[in-house]
Structures are given as structure tokens and as C-alpha cells.
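Subject: Structure for you to look at, with notes

Dear colleague,

Here is the structure I promised to pass on, and I would be glad if you could open it beside this message. My notes on what I found follow directly below it.

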Amino acid sequence: MDNLVLQCRCGQVKGRAIKVDPADGTRVICYCKDCQSFAHALKAGAEVLDEQGGTDIYQLPPARLQIQQGLEHIRCLRLSEKGLYRWYAGCCNTPLCNSLAPRVPLIGLVHSFIADPEREAKLGPVRACVNLRGATGQIPKGKLDAAPARGYIGKIMLKIFGWKLSGQGRPNPLFSAKGEPVASPRILGPGEEI
Ligand SMILES: [Zn+2]
Ligand SMILES: [Zn+2]
């Protein structure tokens, strides 16, 4: 297991993901429209989205994410009142990660925050392509065959359950001990940009 270097585009927000294991299998490509809207809101679509509108995301429990520098630059937006918390670096608008309410121990690191030169080896392959209905183009069959959505939801639910049981929901660098987000979320309307 290894640590993964995290850094925003301009270098003011730095962190790491710890205990990263390529055999763990929690890397997905999400094709949902909200992930696309998030990238577009930050004018980061070209950098973040693949040819079919997918976002490469590494999922981990909060206790394995550490922000070492620049927490004060972190901003939050939501695409609806109850949408995911979508975190980005206010210094340079780099998408960082997504999270649910703090009682659900799951964070999805967006690849734009992963600055590790050995990321491919450390993360291992993409395990599932999810939310395929949001894709903006035909996803190549080879890509789908290598990372089928089938079975993944059950697998990640089990992992979340295990992470909760083993206390890995805390500490959560994005929420206070009382469950308050470190940056108050701005609700973004359809098509709105930062
Ligand atoms: Zn930055
Ligand atoms: Zn998504």
C-alpha cells in the first residue's frame, strides 16, 4: 500500500491519499450529467472529461484523505439543495473531489487532484464505468467490457459499510467534528459557472 500525491493545478492545495492499494478496485469512470456539469462550471471540461463525458474518480473513505496545505482555498458547490458536495480549489478552480453527507464515509477523488507521477500503478485499472446513460458519445465496447458497471454498486456499498464499521468515516478533512462543511456550499443553477 502506498500514498498518493494530491495537488491542485497551481499547487496551493496539497494533500495525500493514504493506504492506496491497486488491488482494492475502487476506481470508476462516472458518466453522469452532474459530474459533467461540475467540470463545466469550473471551465475544466476539457481537462477533466474523457471523450464520452466521463470523469475518472478514485473512491476512498474520508480517513484516508489528508489535506496538508491550503484548506482555506477549498470551496464547495452543489448542483441542487440535496446534491453531492462537490469540492474544488478556489485558487485555480481545480476539481478536487465529491462527497456525500458526512455520515456516509465515501469520497470520490477527481483525477484532476491526483498529481502523483505513479498514479496509474498505484491506483490500478478502472473497475467500472457507471451512470452510462449520461455519456455524451458511444463508449468503446472494449472499455465497457474491461470495466462493467454490473456488480459494482453492490461492491462499493459493501466497502462503505466496512469503512463505516472500521471507523474510517473520521477524521473527515472536509467536515468539522459536528458535521459542518469546511466551506459553505454554494448551490449552482443549471448551466451556471463559478
Ligand atoms: Zn490551486
Ligand atoms: Zn457522476
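Strand β6 is mostly covered, with four of its five residues buried. In this predicted model, β6 is joined to β7 by four bridges, the two strands running antiparallel, and together they make a hairpin with six residues between them. Within that pairing, I74 stands opposite A89 in β7. Strand β6 also has two bridges to β11 (residues 186-187), and here the two run parallel, with L77 having R186 as its bridge partner in β11.

These pairings belong to an open sheet of eight strands, whose order is β10-β3-β4-β9-β8-β7-β6-β11 and whose pairing is mixed. Because β10 and β11 stand at the edges and each has a single partner strand, one side of each is left without a neighbour in the sheet.

Strand β9 (residues 107-110) deserves a look of its own. In general, the side chains of a regular strand alternate between the two faces of the sheet. In β9 both faces are covered, since I107 and L109 on one side and G108 and V110 on the other are all buried. This strand pairs with β4 (residues 55-60) in the antiparallel sense over four bridges, and it is joined to β8 (residues 94-99) by three bridges, again antiparallel. If you click on G108, you will find that it is the bridge partner of Q59 and also the bridge partner of N98, while L109 of β9 has Y58 standing opposite.

Which residues have the most contacts inside the largest nonpolar core? That core has 25 residues, and the ones in question are L6, W87, L96 and L109. The elements that give two or more residues to this core are β1 (2-7), β2 (14-20), β4, β6 (74-78), β7 (85-89), β8 and β9, and the largest share, three residues, comes from β7. A second, separate core of 12 residues includes V28, C32, I160 and W163. Returning to L96 of the largest core, its contacts, leaving aside residues up to four places away in sequence, are with C8, V13, I74, W87, Y88, A89, G108, L109, V110 and F113.

The zinc ion (ligand 2) may interest you from the bench side. Its protein donors are the SG atoms of C30, C32 and C35, which lie 2.2 to 2.3 Å from the ion, and along the chain these donors follow the spacing C-x1-C-x2-C. Both C30 and C35 are buried. C35 also appears among the buried residues of helix α1 (residues 33-41), which are C35, Q36, F38, A39 and A41. After α1 comes K43, whose phi is positive, near 55 degrees.

Helix α5 (residues 152-165) has 14 residues, which at 1.5 Å a residue should span 20 Å, and its end C-alpha atoms are 20 Å apart, so the expected and computed values agree. Its buried residues are Y152, I156, K159, I160 and W163. Seen down the helix axis, these buried residues fall within an arc of 100 degrees, so they line one face of α5. They pack against β3 (27-30), β4 and β10 (128-130), whereas M157, L158, F161 and L165, on the other side of α5, are exposed. Just after α5, G167 takes a positive phi of about 75 degrees.

A few backbone details are worth checking by eye. A cis peptide bond, with omega about -10 degrees, joins R170 and P171, and P171 lies in the loop between α5 and β11. Although K19 is not a glycine, it has a positive phi of about 55 degrees; K19 is found in strand β2, and at 47% relative accessibility it counts as partly exposed. N93, likewise not a glycine, has a positive phi of about 60 degrees. The place of N93 is in the loop between β7 and β8, and with a relative accessible area of 23% N93 is partly exposed.

With best wishes,
A colleague

Technical notes: Residues numbered from 1 in each chain as written. Chains lettered and ligands numbered in written order. Predicted model: local features only at pLDDT ≥ 70, side-chain atom pairs only at ≥ 80, totals over all residues. Heavy atoms only, no water. Buried < 20%, exposed > 50% of the residue type's maximum accessible area, 1.4 Å probe, protein only. Pairing = 2+ DSSP bridges. Donors = N, O, S within 2.8 Å, 3.2 Å for Na, K, Ca; no water. Expected span 1.5 Å × (residues − 1). Arc of directions from axis to C-beta. Contact = heavy atoms within 4.5 Å. Core = buried A, V, L, I, M, F, W, Y, C linked by side-chain atoms within 4.5 Å.
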